[in-house]
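Please look through the sequence and the structure shown here before reading on. The paragraphs after them are meant to be followed with the model in view.

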Amino acid sequence: MITQADLAGSFTLPGTSMTVNRMGYGAMQLSGRDGNKLIWGPPRDIDAAIAVLREAIASGVNHIDTSDYYGPHITNQIIRKALHPYPKQLVIVTKVGARRPEDGSWVLAVSPDEIRSAVHDNLRNLGLDALDVVNFRAMFNSLGPAEGSIEAPLTVLAELQQQGLIRHIGISNVTRTQIAEAKKIVPIVCVQNHYNLAHRADETIIDDLARQGIAYVPYFPLGGFNPLQSTTLSDVAAHLGATPMQVALAWLLQRSPNILVIPGTSSIEHLRENLQASRLQIPAEVMAELGAIGAPRANSGLNG
Ligand SMILES: NC(=O)c1ccc[n+]([C@@H]2O[C@H](COP(=O)([O-])OP(=O)(O)OC[C@H]3O[C@@H](n4cnc5c(N)ncnc54)[C@H](OP(=O)(O)O)[C@@H]3O)[C@@H](O)[C@H]2O)c1
């Protein structure tokens, strides 16, 4: 049985009283799909989704990542149904910056009105008076972080923070320049970018943020919609008596002390497997072997 003390230690978001276990949970996978529309509509088995959330909390997870555009609205409604009234220590991190039209696509939603209404959607569907952390998710390019000013939407979030509707602010899918820009507007407690064993564009960003005490929260820690596959990863996992997904998570946790992981799953078995990854110690030489998987051709996918 995993206990709170086992969840990879804790991390305090800078300038806050919010301390979370480094092993968290990403709730995106709790929404369903409708044909080609991913993260859309209710899941096939809502009770199973609720059970995943309750088991995560019972196991000591106190950091859940979500957005009101998952579903849309559905993931937050499931979180509320499963967990409200929320445990005192739970930190729910949500994000704004996109909306979901009926065709299931993900469309930029960054006007002041759209940012305000996204915050109110999150408050309503989560059943909260104030959101713990809101990430502004930049989307200048569908392929990944791309340059462009994020001053206007962050200024709106800062106003909502002044009004008491948001406690802390983070940013997602951002470049170094945007991180620097954001920090001039408002204190940033976390950065959430695409990063995993195979996708390693953010090596220097992670180290910079670690020096500043800012959390780095990799999304798609297991590869997202295309789960990680690699002979090296499988061989290492077999050698360590673990699963490839556990090794991928343990590698992230050992990569840097400011990394908080939010693996996503709709399966209670996978949740249990993922939580156990916090107990896995990867020897230094094996860390190096794993690190070589994505290093030579960053962002090229896993073949090794
Ligand atoms: N800021 C952003 O732009 C952004 C973008 C994407 C995601 N996110 C956040 O990041 C979180 C994590 O990302 P993610 O859920 O997309 O991707 P992920 O955690 O990398 O991987 C999730 C996928 O891996 C599968 N999986 C999970 N555990 C497994 C295991 N032990 N063995 C085998 N398969 C396993 C899941 O399927 P099952 O359901 O079958 O387990 C799901 O298909 C999300 O929940 C969301 O909160 C943020």
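What follows deals with a sheet, a helix that lies across it, and then another helix with its two ends.

The model is predicted, and a convenient place to begin is its open sheet of 7 strands, which are arranged in the order 3-4-5-8-9-10-11 with parallel pairing. Strand 3 (25-26) and strand 11 (215-216) stand at the edges, and because each has a single partner strand, one side of each is left without a neighbour in the sheet. At the strand 11 edge, the parallel connection to strand 10 (residues 188-192) is made by 2 bridges, and here Cys 190 stands opposite Ala 215 of strand 11.

Further into the strand order, helix 3 (residues 112-126) lies across strand 5 (91-96), strand 8 (131-137) and strand 9 (166-172), and the helix runs at about 145° to strand 5.

Helix 7 (residues 231-240) can be read residue by residue, with Thr 232, Leu 233, Val 236 and Ala 237 buried. Seen down the helix axis, these buried residues fall within an arc of 130°, so they line one face of helix 7. An α-helix has 3.6 residues a turn, and therefore residues three or four places apart point the same way. The cover over the buried residues of helix 7 includes helix 8 (244-255) and helix 10 (284-294), whereas on the other side of helix 7 Ala 238 and His 239 are exposed.

As for the ends, Ser 230 caps the N-terminal end of helix 7, placing a side-chain oxygen 3.1 Å from the backbone nitrogen of Thr 232, while just after the helix Gly 241 takes a positive phi of about 70°.

Note on methods:
Residues are numbered from 1 along each chain as its sequence is written. This is a predicted model: local features need pLDDT of at least 70, side-chain atom pairs count only at pLDDT 80 or more; totals for chains, interfaces and linings use all residues. Side-chain values use heavy atoms; hydrogens and water are left out. Buried means under 20% relative accessible area, exposed over 50%, partly exposed in between (1.4 Å probe, protein chains only). Helices (H or I, at least four residues) and strands (E, at least two) are DSSP runs, numbered from the N terminus. The arc is that of the directions from the helix axis to the C-beta atoms. Contact means heavy atoms within 4.5 Å. A polar contact is a pair of N or O atoms within 3.5 Å; within protein, one must be able to donate a hydrogen and the other to accept it, and residues adjacent in sequence count only if both atoms are side-chain atoms. Two strands pair if DSSP finds at least two bridges between them. Axes are lines fitted to C-alpha atoms, for helices over the stretch in contact, and angles run from 0 to 180 degrees between N-to-C directions.
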